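This report describes one protein chain, with attention to a helix and to the empty spaces in the fold. Please read it alongside the sequence and the structure shown here.

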Amino acid sequence: MSSPTGPASGLPVRMPRPRQPGRHRRPEPLAAPEGAPALVLAVPGRPSAATRGLAEEIVSIARSELPGLDARIGYLDGDDSDFPTLPSVLTHAAEERTARFEQARAAGLDIKEPDGPVAVVVPLLAGPDSALLRQVRQAVMESRIAAELTDVLGPHPLLAEALHVRLSEAGLARADRARLFTVATAADGIILASVGGEEAVQAAGITGMLLAARLAVPVMAAALDQEGSIASVAEQLRSSGSQQLALAPYLIGPEIDATLIEEAAREAGCAAAEALGPYPAIGKLALAKYTTALGIAPPQPQGAPVR
């Protein structure tokens, strides 16, 4: 029996588990370095309450992965009121960094004047879109702020995972091939819809191969912004034996008007999944671009294994 002050004599006492040495030791949690540049998410498309909610959820995921991260949102088509533009966000970040330095000096602290980039700008794009990327570069130049611009988020296995999840949520794919159940509406051919022309189609095709491996069905990329591309790919899939197609948007969401996805699905004569949206992988990939740019990259986020 135990006494009010602890276990009775002779009974084992549970002690805290010692920290494991060597390679099995759990790594110390990573935190943003003191004075690190801000992560600025460059959000394309027409701003809206839905777009803001999506962007805020993505930066929230990034903050949860890297405590102390200064993460901000700049809109390519913002109004500097409800939706701050990318140049104004960069300018504000620079002003705050200067103010912190001056306050520290005024307090008598002997600190080095900050140098290096004020921010790392991460475009909220799954794949390359030359027009939107040109707009991001122009906004950074107009700000006259030292900022580093990263590449887009894809291709990456985590995006294939996100596409799989969105298809399964729409009832267009099985969530797990290893489980013995069927989905009556599961597609036997996937159209991976991107924007950004031929370059974007080629990049989407890399993620498409990863998605095909997960689903064990053919996946072909097509361009939403090229007339006839969706219909042509739908015809190729059907001529190769696919009977029930599905359209998977290789998009975060804000890049285009959502009605274009609906029109493309009608053109292909099939159902469509939702855009990737604030899937957790998006925030993790945005953070990975940031940390890699600064040379403080944690282990790269890995996709879930193919089931």
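Arg-144, which comes just after helix α3, takes a positive phi of about 60°. This value, like the others in this report, comes from a predicted model.

The helix that precedes Arg-144 runs through residues 130-143, and at 1.5 Å a residue its 14 residues should span 20 Å, which agrees with the 20 Å that separates its end C-alpha atoms. The buried residues of α3 are Leu-132, Leu-133, Val-136, Ala-139, Val-140 and Ser-143. Seen down the helix axis, these buried residues fall within an arc of 120°, so they line one face of α3. An α-helix has 3.6 residues a turn, so residues three or four places apart point the same way. On the other side of α3, by contrast, Arg-134, Met-141 and Glu-142 are exposed. As for the partners of the buried residues of α3, they pack against two strands that come earlier in the list of elements, β3 (38-43) and β5 (119-123), as well as against α2 (86-106) and β6 (147-149).

The chain as a whole gives the setting for this helix. Its 307 residues include 45% that are buried, and its secondary structure consists of eight helices and 10 strands. Among contacts between residues at least 6 apart in sequence, 74% join residues that are at least 24 apart. A pair in another helix can be described in similar terms: Ala-213 lies in α5 (residues 197-215), and although 53 residues separate Ala-213 from Ala-160 in sequence, their C-alpha atoms are 9.4 Å apart in space. Ala-213 counts as partly exposed because its relative accessibility is 41%, a value that falls between the limits of 20% for buried and 50% for exposed.

Where is empty space left in the model? Rolling a probe the size of a water molecule over the atoms shows where empty space is left. A search of the whole structure finds one cavity of 30 Å³ or more, and the two largest pockets are listed with the largest cavity below.

| Space | Volume | Lining by class |
|---|---|---|
| Largest cavity | about 50 Å³ | five nonpolar, two polar, two charged |
| Largest pocket | about 410 Å³ | 13 nonpolar, two polar, six charged |
| Second largest pocket | about 350 Å³ | 11 nonpolar, four polar, three charged |

The largest pocket, with about 410 Å³ of space, is lined by 21 residues, and those closest to its centre are Glu-34, Gly-35, Ala-36, Arg-97 and Arg-100. The largest share of this lining comes from α2, which supplies four residues; α2 is also among the elements against which the buried residues of α3 pack.

In the second largest pocket, which 18 residues line, Gly-253, Ile-256, Ala-258, Ile-261 and Ala-275 lie nearest the centre. Two helices, α1 (49-65) and α7 (259-268), each supply at least two residues of the lining, and α1 gives the most, with three residues.

The lining of the largest cavity is made up of Leu-125, Ala-126, Gly-127, Asp-129, Ser-194, Val-195, Tyr-250, Leu-251 and Glu-255.

Methods:
Residues are numbered from 1 along each chain as its sequence is written. This is a predicted model: local features need pLDDT of at least 70, side-chain atom pairs count only at pLDDT 80 or more; totals for chains, interfaces and linings use all residues. Side-chain values use heavy atoms; hydrogens and water are left out. On a 1 Å grid over the protein atoms alone, a cavity is a set of points where a 1.4 Å probe fits but cannot get out, and a pocket is an open set with protein on both sides within 12 Å along at least five of seven lines; lining residues have an atom within 4 Å of a point. Grid points are joined across faces, edges and corners, and a volume is the space filled by probe spheres set on the points. Ala, Val, Leu, Ile, Met, Phe, Trp, Tyr, Cys and Pro count as nonpolar, Asp, Glu, Lys and Arg as charged, and the others, Gly among them, as polar. The expected span of a helix is 1.5 Å times one less than its number of residues. Buried means under 20% relative accessible area, exposed over 50%, partly exposed in between (1.4 Å probe, protein chains only). The arc is that of the directions from the helix axis to the C-beta atoms. Contact means heavy atoms within 4.5 Å.
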